[in-house]
Amino acid sequence: MRVLGVETSCDETAVAVYDGAVGLLANEIYSQVDLHSAYGGVVPELASRDHLRKLLPLLRKVVEASGGAGAIDGIACTTGPGLVGALLVGSSVARSLAYAWDVPCLGVHHMEGHLLAPLLEQEPPEFPFVALLVSGGHTLLALVHAVGSYEILGSSLDDAAGEAFDKTAKLLGLGYPGGPQLAALAERGRPGAFVFPRPMTDRPGLDFSFSGLKTAVVVALRARVMDEQTRADAALAFQEAVVDTLVIKAGRAIEATGARALVIAGGVGANRRLRARMLAMGERDGLRVVYPRAEFCTDNAAMIALLGHLRLAAGQSDDLAIRARARWPMAELAPPSPGPGS
Ligand code: KG4
Ligand code: ZN
C-alpha cells in the first residue's frame, strides 16, 4: 500500500509518500521559521496562511516524484494536536484529495507520528521501547508496546523542554528558535560558573517541570553584568540542568520498565550535549540508544505517511468529515482497527 502523508500542525508544511513494500519514496518540507522569527515565535494566523500558499505546490512535487497520483492508495494527515487553523488547511486538502481520488483517508495524531518515527530507519528498535519525546510543544516519556499501545510514563507539567530552551534563549538576548543558538553559546561557557536546579529529580515519578529553571536563570542573572562570558556561562549551566534532568528521568524509565532500547525524538534531540550524555548512558548500561536522523526527529511528513500506512493498511479510515483538534490526549489512542470509512 502506498500512502501520502500531510503535516501542517505548526510551522512546517510537509508532504511525503511511504510505500509498504519499498519504504519512503518522497519527503519534502517547507519551514516557516524565517516568517515567524521577526515575531519571536509562531504567529498562528500567519502559519495557516503560509500553509495555504505552500501546500499544493509541495504536494504536486511529491506526488510527481513518487510515481503519480494513480499509485496513491490512501492519504493520512495530521489532525491534532496543533494549531487548529494550520491543521484545518492540511485536513481540508487531504480529505478533498481522498474524495477526488476515491482512496481512504485517515487523520492521525502528531505525537504518535513522533513516537513511531524510529521505524523509518533501517534498523528500527524492537518493541517495547522507551521513547523520550522532547520538542518545542511537548516533553514526554512513553513505553511503546506496539502501534497504538502507549503507556505514558511522564510528561511536562508546564513548559516543554524546547520551550524552556527558547524562552531562556530569549532572556539571553538570542533569536528564535533559541534552542540551537543557546546550545552554540553554551560551547563558550565555563563549567561551574552557575549551577541551576535539576527540577523534580529529588522525588519519585517521571514527570517534568521546566518553568522554574527559567526563573532560576532570571534570578541568577539579576545581580550580574550581562557580558558575553556571563551569558555563555548561564547558557552552559542551563543546558546542563535540562540535559541532566532528561538523562536522569530517561534512566529511571528504563529501570522501571526493563526496556532495552531508548528512542529520543523531537527537536531537542538535535542537542549535541544531550546526545553525548544519552549515548554514554547507553554504553554504560548496555542499552540501545536510538536517534532517528535529524530530519525525522523534527516535524516531518515521513512519520505521518508511515503512521498512516500502519493504520490504513490495517483497514482503519475516517468518514468524510474534515477534522482538526487543538488538543487530543494520547490516552485516547488505540491499536489500528477498521473504522467508519472502511
Ligand atoms: O520537534 P520540533 O522541531 O518542533 C516541535 O516543537 O514540534 O522542536 C523544536 C524545538 C524548539 O524549541 C528548538 O529550540 C528546539 O527544538 N531545538 C533545540 C536544538 N535544536 C532544536 N534545543 C536544544 N538544542 C538544540 N540543538
Ligand atoms: Zn512535532
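**Exercise 1.** What is the site of the zinc ion (ligand 2), tetrahedral or irregular, judging by the angles among its four donor atoms?

*Solution.* A word on the input: this is a predicted model, where local features need pLDDT of at least 70, side-chain atom pairs count only at pLDDT 80 or more, and totals for chains, interfaces and linings use all residues. Residues are numbered from 1 along each chain, chains are lettered from A and ligands numbered from 1 as written, and side-chain values use heavy atoms, without hydrogens and water.

Step 1: collect donors, meaning N, O and S atoms within 2.8 Å of the metal (3.2 Å for Na, K and Ca); water is not among the atoms, so sites may look incomplete. His-110 (NE2), His-114 (NE2) and Asp-299 (OD) coordinate the zinc ion (ligand 2) at 2.0 to 2.1 Å.

Step 2: check the angles. Tetrahedral needs all of them between 85 and 135 degrees. Here they span 89 to 138°, so the site is irregular.

**Exercise 2.** Locate the zinc donors along the chain and say whether His-110 and Asp-299 are buried or exposed.

*Solution.* Step 1: the spacing reads H-x3-H-x184-D. His-110 sits in helix H4 (residues 110-116) and Asp-299 in the loop between helices H10 (294-297) and H11 (302-312), 189 residues apart. Helices (H or I, at least four residues) and strands (E, at least two) are DSSP runs, numbered from the N terminus.

Step 2: buried means under 20% relative accessible area, exposed over 50%, partly exposed in between (1.4 Å probe, protein chains only). His-110 comes out at 5% and Asp-299 at 15%, so His-110 is buried and so is Asp-299.

Conventions: Tetrahedral: all angles 85-135°; square planar, octahedral: opposite > 155°, others 65-115°.
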